[in-house]
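The following exercises are to be worked with the sequence and the structure at hand. Each task is followed by a solution in steps.

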Amino acid sequence: MSRSSSGIVAVLTAAAIATVGFLAYQASANASEALGGPSATPSASASASGAAAQPRKDPRSLPADSGSGERVVYSLRDRRVWLVGEGGKPERSFAVVPSTISPDAGTYLVSSRSGAVTGSDGVRVEHVVRFANVNEVAIGFSAALDGTMSAPDPSLRTGGVRMKRADGNALWTFATVGTKVVVV
């Protein structure tokens, strides 16, 4: 290989390493942003327009317009529940798996509770806290006895909003009959 050929190979190798490094950095920044973490660089569209990048809202923060006072807040979009104490501060928040049938946004009251039953999907559940009815399907929170949180069969008409057993225990203690449930 001639001296000029090895120089070209060295330049091309350096350029390839720089390109891979830049792409890895970009992927890392985008992955952090997609996971809700801080992004090291503003988005390309914000940079191009000259506008400042808007910080992403933490999906775990209590939704605006979710009522006041002691309540359970259920966000359909975020697939999350908050247990909000008397002072209006969330005491606990956790992810849930929605049922195939969801209630409309609005305010409900816990209407009944059951310690352990078989859910409308055939799964044994505990700490069932019911708060709505949609087309003759009871909607409520529960935890599967086997600890699973799998998505329900979309062909079934189910109303069970599933959560982990520890979260189900906390909700059971918090949400007695008459407790307000706000669906957003």
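**Exercise 1: Salt bridges**

At 31% relative accessibility, R92 counts as partly exposed, since buried means under 20% relative accessible area, exposed over 50%, and partly exposed in between (1.4 Å probe, protein chains only). The model is predicted: local features need pLDDT of at least 70, side-chain atom pairs count only at pLDDT 80 or more, and totals for chains, interfaces and linings use all residues. Residues are numbered from 1 along each chain as its sequence is written, and side-chain values use heavy atoms, with hydrogens and water left out.

Task: Determine which residue meets R92 in a salt bridge, and describe the further bridges of D121 and E126.

Solution.

Step 1. Apply the criterion: a salt bridge is a side-chain nitrogen of Lys or Arg within 4 Å of a carboxyl oxygen of Asp or Glu. A search of the whole structure finds four such bridges.

Step 2. Take R92. Its side chain meets that of D167 at 2.8 Å, N to O. D167 lies in helix α3 (residues 165-174) and R92 in strand β3 (residues 90-95), so the bridge ties together parts that are 75 residues apart in sequence. Helices (H or I, at least four residues) and strands (E, at least two) are DSSP runs, numbered from the N terminus. With 10% relative accessibility, D167 counts as buried.

Step 3. Take D121. The closest N and O atoms of D121 and R162 are 3.1 Å apart. D121 sits in the loop between β5 (112-118) and β6, and R162 in strand β8 (residues 160-162), 41 residues apart. D121 is partly exposed at 22% relative accessibility, whereas R162 is buried at 8%.

Step 4. Take E126. Its side chain and that of R165 meet at 2.7 Å, N to O. This pair links strand β6 with helix α3 across 39 residues. E126 is buried, with a relative accessible area of 11%; R165, at 36%, is partly exposed.

**Exercise 2: Aromatic rings**

Task: Classify the ring pairs that F141 forms with Y74 and with F131.

Solution.

Step 1. State the rule: rings of Phe, Tyr and Trp (its six-membered ring) pair if their centres lie within 6.5 Å; planes under 30 degrees apart count as stacked, over 60 as edge-to-face and the rest as tilted. The whole structure holds three aromatic pairs.

Step 2. For Y74 and F141, the centres are 5.6 Å apart with 80° between the planes, an edge-to-face pair. Y74 belongs to strand β1 (residues 71-75) and F141 to strand β7 (residues 137-144), 67 residues apart. Both Y74 and F141 are buried.

Step 3. For F131 and F141, the centres are 4.9 Å apart and the planes lie at 25°, so this pair is stacked. F131 is in strand β6 (residues 124-134), 10 residues from F141. F131, like F141, is buried.

Step 4. Combine the rings: Y74, Y108, F131 and F141 form one aromatic cluster.

**Exercise 3: The sheet**

Task: Establish in what order the four strands of the open sheet run and which strands stand at the edges.

Solution.

Step 1. Two strands pair if DSSP finds at least two bridges between them. The order is β5-β6-β7-β8, with mixed pairing.

Step 2. β5 and β8 stand at the edges, each having a single partner strand, so one side of each is left without a neighbour in the sheet.

Step 3. Examine β5 and β6: these strands run antiparallel and are joined by six bridges.
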